[in-house]
Amino acid sequence: MTKEQQITAVKRYTFHKLGEDKSGHGMDHINRVVKMAKKIAESEGIDTFLPVVAAYLHDTIDEKLVADVDQAKEELRNYLSENEFNDDDIATIMDVIANISFAHTLDDQKIHLSIVGKIVRDADWLDALGAIGTIRAIYYGGAHHQKIYDPRMAPRTNMSHDEYRNLDNETIINHFYEKILTLADMMQTATGQKIAAHRQEVIKNFLKEFHDEWNAEM
């Protein structure tokens, strides 16, 4: 198979797995992450093939989206092998998509990302910032029946992995403080840092307007 055929195959696989997603992790999100990963890879002087492939697949084994992570990993490995990815590429892809989740930065986990991992993580996290990131956070919170906001609930700090995944103790607005506003400082590439700085300001302006309106100050 050619590389273009392999990319087509992984895109098809992702569509099969996430094409009906209603939580903000559907193909529109995937396609934006792919475009951004390609852009960052080009700016870093890195071949775009593996970043694009990993970007297409990055949510297909996500613990919040699949019932059995180990089974999802095994199924994906088999699919990649069947589509003529070599062992080194499969190892790189699996390492990237298994370690770029924000949840893996909790519990003092030491994550050592390859350059491909840094590119794909930046691309994914950039989609949680800015105007689209704002919409996605609200969309995801609504899909999980979260409260919009409760001023009696302070944003959580120093969360464990399990606390982060427990949506009973979170509001949509608190999620911005607990996760989203921390992402810009964790970008790994120069391109990611530049784009994140702008998108961070969009988030901050939204939150200021939200609190002003919540308190009937504007």
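**A tour from Asp124 to Ala216**

Start by selecting Asp124: this residue is buried yet has no salt bridge, and the nearest side chain of opposite charge, Arg136, sits 5.4 Å away. Keep in mind as you click around that this is a predicted model. The 5.4 Å gap to Arg136 doesn't count as a salt bridge because the cut-off is 4 Å.

Zoom out a little and you'll see that Asp124 belongs to helix 6, which runs over residues 115–126. Now show what touches it. Which residues is Asp124 in contact with, leaving aside its neighbours within four places in sequence? Look for His29, Val33, His58 and Ile100.

Next, select helix 2, residues 27–44. It has 18 residues and reaches 25 Å from its first C-alpha to its last, close to the 26 Å expected. Colour its buried residues: Met27, His29, Ile30, Val33, Val34, Met36, Ala37, Ile40 and Ala41. So His29 and Val33 are buried here, and both are in contact with Asp124. A handy thing to know: an α-helix has 3.6 residues a turn, so residues three or four places apart point the same way.

What covers those buried residues? Switch on helix 1 (3–18), helix 3 (49–57), helix 6, helix 7 (130–143) and helix 10 (190–214), which are included in the cover.

Now hop through some backbone spots. Just after helix 2, Gly45 takes a positive phi of about 70 degrees. Glu84, in the loop between helix 4 (69–82) and helix 5 (87–99), has a phi near 65 degrees, positive even though the residue isn't glycine.

Last stop: Ala216, in the segment after helix 10. Its phi is near 55 degrees, again positive in a residue other than glycine. Ala216 is exposed, with a relative accessible area of 66%.

Note on methods. Residues numbered from 1 in each chain as written. Predicted model: local features only at pLDDT ≥ 70, side-chain atom pairs only at ≥ 80, totals over all residues. Heavy atoms only, no water. Helix = DSSP H or I, 4+ residues; strand = E, 2+ residues; numbered from the N terminus. Buried < 20%, exposed > 50% of the residue type's maximum accessible area, 1.4 Å probe, protein only. Lys, Arg positive; Asp, Glu negative; His and termini not counted. Contact = heavy atoms within 4.5 Å. Expected span 1.5 Å × (residues − 1).
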